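Here are a few exercises to work through with the model open in your viewer. Try each task before you read its solution.

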Amino acid sequence: MNNLEKIRPDLKLENFFRTKGFQRKFKANELIFMENEREDCLFYIAEGLVKIFMISDEGKEKTLFILSSGQFFGEVSLFDGLGYDVNAEALGDTVIYSMNFKDLKNALFKEPDLSFDLLKVMAEKVRTLTQQIKDMVFYDISGRLANQILIFSKQFGKKTERGILIQLSLTHQELANLLGASRVTVTKTLNQFQEEGIIEIVNRRILITDLQQLMRYIG
């Protein structure tokens with residue numbers, strides 16, 4: 001059973017970025033940064049969604065994270081100075097705050113509690129990537145999709161009379177990029193879940209109608 005929860009760092013780090021960071025606004029599908037760019041900044045999402053993804057030499061896309069308000073990204077390049085090894089794209093109107101390494105480093109020395117909060121941010125990413133590896137090794141596509149739906153339910157879910165509505169709209173191709181599967185396979189598996197009464201699709205959003213049955217796919 002998946003126990004991956006969205007780890008929220010202490011509000012102190014969030015408030016620090018909101019008051020000291022540089023505000024930037026992005027439209028849907030606008031790139032925030034690209035792979036190999038060198039920019040020593042840490043980013044905080046105040047509003048909206050950000051997709052973190054990689055593109056192979058053949059042009060195949062693999063989504064690593066879908067991040068929402070209250071989450072951070074860009075921390076790896078911040079510390080090793082080697083440039084970004086991923087791409088970041090806004091999935092809708094998005095407001096972020098950024099801070100360069102020099103200013104952040106000075107703040108961490110003055111307020112050690114911020115360092116602990118930043119470690120929580122990095123722990124969240126490690127847990128998520130570890131879960132993705134586990135899914136690829138131990139689950140078939142049904143298990144991987146079921147687990148991803150459960151993760152989304154914790155991050156974007158809203159309880160309704162009919163079940164848990166995931167307030168996130170992704171295309172079948174975007175889901176496939178996240179799961180490391182083909183669009184056709186994802187579509188087939190979603191249809192299977194609907195036929196079994198596990199989910200419904202409501203305005204391009206997933207409604208979980210049988211949570212227990214969904215969880216059986218991941219043991």
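## Exercise 1: Ile 218

Ile 218 is buried, with a relative accessible area of 5%. Keep in mind throughout that this is a predicted model.

**Task.** Place Ile 218 in the chain, and find how far its C-alpha atom is from that of Ala 28.

**Solution.** Start with the secondary structure: Ile 218 sits in the segment after helix H8 (211-216). Next, check its burial: a relative accessible area of 5% falls under the 20% cut-off, so Ile 218 counts as buried. Now go to Ala 28, which is 190 residues away along the chain. The two C-alpha atoms are separated by 33 Å.

## Exercise 2: Aromatic pairs

**Task.** Classify the ring pairs Phe 16 with Phe 17 and Phe 33 with Phe 43.

**Solution.** What do you need for each pair? The distance of the ring centres and the angle of the planes describe a pair of aromatic rings.

Step one is the overall tally: the count comes to 10 aromatic pairs. One of them joins Phe 16 and Phe 17, at 6.1 Å centre to centre and with 80° between the planes. Planes over 60 degrees apart count as edge-to-face, and that is the label this pair gets. Phe 16 is buried at 13% relative accessible area, and Phe 17 is buried at 0%.

Step two takes Phe 33 and Phe 43, whose ring centres are 5.6 Å apart and whose planes meet at 35°, so this pair is tilted. Phe 33 belongs to strand S2 (residues 31-33) and Phe 43 to strand S3 (residues 41-47), so the pair ties together parts that are 10 residues apart in sequence. Both Phe 33 and Phe 43 are buried.

Step three goes back to Phe 16 and Phe 17: together with Tyr 44 and Phe 72, they form one aromatic cluster.

## Exercise 3: Charges over rings

**Task.** Which rings do Lys 51 and Lys 125 lie over?

**Solution.** Take Lys 51 to begin with: its charged end sits over the ring of Phe 53, 4.8 Å from the ring centre. Then turn to Lys 125, which lies over the face of Phe 65 at 5.4 Å from the ring centre. Hold on to Phe 65, since it comes back in the next exercise.

## Exercise 4: The second largest pocket

**Task.** Describe the second largest pocket by its volume, its lining and the classes of residue that line it.

**Solution.** The volume is about 300 Å³. For the lining, there are 17 residues, with Phe 65, Glu 75, Val 76, Asp 85 and Val 86 nearest the centre.

Which elements supply at least two residues each? Strand S5 (61-68), helix H2 (75-80) and helix H4 (112-138) do. H4 gives the most, with 4 residues.

Finish with the classes: 12 lining residues are nonpolar, 2 are polar and 3 are charged.

## Exercise 5: Two asparagines with positive phi

**Task.** Find where Asn 36 and Asn 203 sit. Is Asn 36 buried or exposed? Is Asn 203 buried or exposed?

**Solution.** Asn 36 is in the loop between S2 and S3. Its phi is near 80°, a positive value in a residue other than glycine. With a relative accessible area of 61%, Asn 36 is over the 50% cut-off, so it counts as exposed.

Asn 203 is in the loop between strand S11 (199-202) and strand S12 (205-208). Its phi is positive too, at about 50°, although Asn 203 is not a glycine. Asn 203 is exposed, with 66% relative accessible area.

## Exercise 6: The annotated domain and two helix residues

**Task.** Describe the span at residues 139-212, then locate Leu 150 and Ser 115.

**Solution.** The UniProt record, an unreviewed entry, places the feature "domain: HTH crp-type" at residues 139-212. That span is 53% helix and 22% strand, and its end C-alpha atoms lie 17 Å apart.

Leu 150 is in helix H5 (residues 141-156) and is buried, with 8% relative accessible area. Ile 166 is 16 residues from Leu 150 in sequence, and 9.4 Å from it in space, C-alpha to C-alpha.

Ser 115 is in helix H4 and counts as partly exposed, at 28% relative accessibility. Its C-alpha atom is separated by 9.3 Å from that of Lys 105, which is 10 residues away along the chain.

Definitions and conventions: Residues are numbered from 1 along each chain as its sequence is written. This is a predicted model: local features need pLDDT of at least 70, side-chain atom pairs count only at pLDDT 80 or more; totals for chains, interfaces and linings use all residues. Side-chain values use heavy atoms; hydrogens and water are left out. On a 1 Å grid over the protein atoms alone, a cavity is a set of points where a 1.4 Å probe fits but cannot get out, and a pocket is an open set with protein on both sides within 12 Å along at least five of seven lines; lining residues have an atom within 4 Å of a point. Grid points are joined across faces, edges and corners, and a volume is the space filled by probe spheres set on the points. Ala, Val, Leu, Ile, Met, Phe, Trp, Tyr, Cys and Pro count as nonpolar, Asp, Glu, Lys and Arg as charged, and the others, Gly among them, as polar. Rings of Phe, Tyr and Trp (its six-membered ring) pair if their centres lie within 6.5 Å; planes under 30 degrees apart count as stacked, over 60 as edge-to-face and the rest as tilted. Buried means under 20% relative accessible area, exposed over 50%, partly exposed in between (1.4 Å probe, protein chains only). A charge sits over a ring if NZ of Lys or CZ of Arg is within 6 Å of the ring centre and within 35 degrees of the ring normal. UniProt positions are given in the numbering used here, feature names are shortened, and annotations may be inferred rather than shown by experiment.
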